[in-house]
Amino acid sequence: VSTQSTWGMQLKLTSKERLVLYGLARYPGLSDIDLASNIGVDRSTIFKSKRKFRDWKLIKLLNVPSGEAVGAEILTSVFVKYNPTAPFEVRKGSPSYQKWVNYPNCVSHIATDTDSVSTFYSRSLTDFRVNFDPIIDEYYRSDFVEDIRYFHYPFQVSSYSADAALAVDGLFDLARSDLSGEIIPPKAALTEDSRLTEKDKLTLYAFVKYPMYLSLIHISEPTRPERISYAVFCLKKKK
């Protein structure tokens with residue numbers, strides 16, 4: 001996902017719309033009826049807010065498989081600060097940008113005129129460098145990059161959280177008491193018995209490819225729940 005936005009700009013949302021935005025991030029799988037009960041707003045407000053969010057392209061639901069399930073051993077976060085002469089519109093038109101966002105191991109990419117943050121799954125540090133270095137080298141040759149930082153997290157020894165509700169709560173100072181404190185602990189390496197079958201892989205692909213249209217009811221061979229680790233809720237500010 002890539003966005004061009006200014007984080008300093010305040011979204012013009014009512015207090016109820018902010019609650020709905022929080023609720024969609026905190027409880028992505030709930031029906032409108034259950035969501036209304038959880039966040040204390042009526043169903044009509046949820047319906048109108050969701051339509052507004054879709055029109056503004058504020059939200060997008062993605063199913064992101066756990067790195068371990070797809071054979072990755074390292075999660076890498078890449079933070080880039082760009083030169084003033086390389087705003088988003090300039091970078092977006094470059095072949096290297098297309099290579100970056102279309103690189104299969106790039107799980108997410110969020111960008112503004114001045115910064116970007118990306119998340120990658122890799123089988124090893126060498127695997128990451130072999131595939132990503134040529135892309136970032138093109139960025140340097142185009143004089144896009146002012147500074148870049150890499151953070152590598154081996155799955156077997158790392159704990160992490162993937163809850164966008166924290167961001168919504170902090171952005172709007174909601175001070176919600178129902179924030180999740182769940183931290184995903186390190187997991188043991190997959191054994192041969194726990195690796196994905198061909199049907200598992202197809203099901204996982206369907207969840208990732210069609211997150212808005214599929215549920216377990218629509219899939220005849222459901223993927224084991226623990227192998228879909230979390231839903232990423234992407235916020236996109238209206239410019």
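These legends describe close-up views of a predicted model.

**View 1. A nonpolar patch on the surface.** Three residues make up this patch: Phe79, Phe151 and Tyr153. Together they offer about 280 Å² of accessible area. Phe79 belongs to strand β2, which covers residues 74-82. The relative accessible area of Phe79 is 39%, so Phe79 counts as partly exposed.

**View 2. Two residues of helix α3.** Helix α3 runs through residues 43-56 and includes Phe47. Thr45 is found in α3 too. Phe47 is partly exposed, with a relative accessible area of 46%. Thr45, in contrast, is buried at 15%, because buried means under 20% relative accessible area. Leaving aside residues up to four places away in sequence, Thr45 touches Lys16 and Val20. Phe47 can also be viewed against Asp32, which is 15 residues away along the chain. The C-alpha atoms of Phe47 and Asp32 are separated by 7.6 Å.

**View 3. Helix α1 and its buried residues.** Helix α1 holds 12 residues, 15-26. From first C-alpha to last, α1 reaches 16 Å, close to the 16 Å expected at 1.5 Å a residue. Its buried residues are Glu17, Leu19, Val20, Leu21, Tyr22, Gly23, Leu24 and Ala25. One of them, Val20, is touched by Thr45.

**View 4. Helix α6, its span and its bend.** Helix α6 has 17 residues, 125-141. At 1.5 Å a residue, α6 should span 24 Å. The end C-alpha atoms of α6 are 23 Å apart, which agrees. Even so, α6 bends by about 40° at Phe132. A proline, Pro134, follows within four residues. After α6 comes Asp143, with a positive phi near 60°.

**View 5. The buried residues of α6 and their cover.** The buried residues in α6 are Phe128, Phe132, Ile135, Ile136, Glu138 and Tyr139. An α-helix has 3.6 residues a turn, so residues three or four places apart point the same way. Phe132, the site of the bend, is among the buried residues. The cover over these residues includes helices α4 (88-92) and α5 (95-102). Strands β2, β4 (115-122) and β5 (145-154) also contribute. Strand β2 is where Phe79 of the surface patch is found.

Definitions and conventions. Residues are numbered from 1 along each chain as its sequence is written. This is a predicted model: local features need pLDDT of at least 70, side-chain atom pairs count only at pLDDT 80 or more; totals for chains, interfaces and linings use all residues. Side-chain values use heavy atoms; hydrogens and water are left out. Patches are made of residues with over 30% relative accessible area and no salt bridge: like charges are joined within 9 Å, nonpolar side chains (Val, Leu, Ile, Met, Phe, Trp, Tyr) within 5 Å. Accessible areas come from the Shrake-Rupley method with a 1.4 Å probe; for residues, only the protein chains shown count as cover. A salt bridge is a side-chain nitrogen of Lys or Arg within 4 Å of a carboxyl oxygen of Asp or Glu. Helices (H or I, at least four residues) and strands (E, at least two) are DSSP runs, numbered from the N terminus. Buried means under 20% relative accessible area, exposed over 50%, partly exposed in between (1.4 Å probe, protein chains only). Contact means heavy atoms within 4.5 Å. The expected span of a helix is 1.5 Å times one less than its number of residues. The bend at a residue is the angle between axes fitted to the seven residues ending there and the seven starting there.
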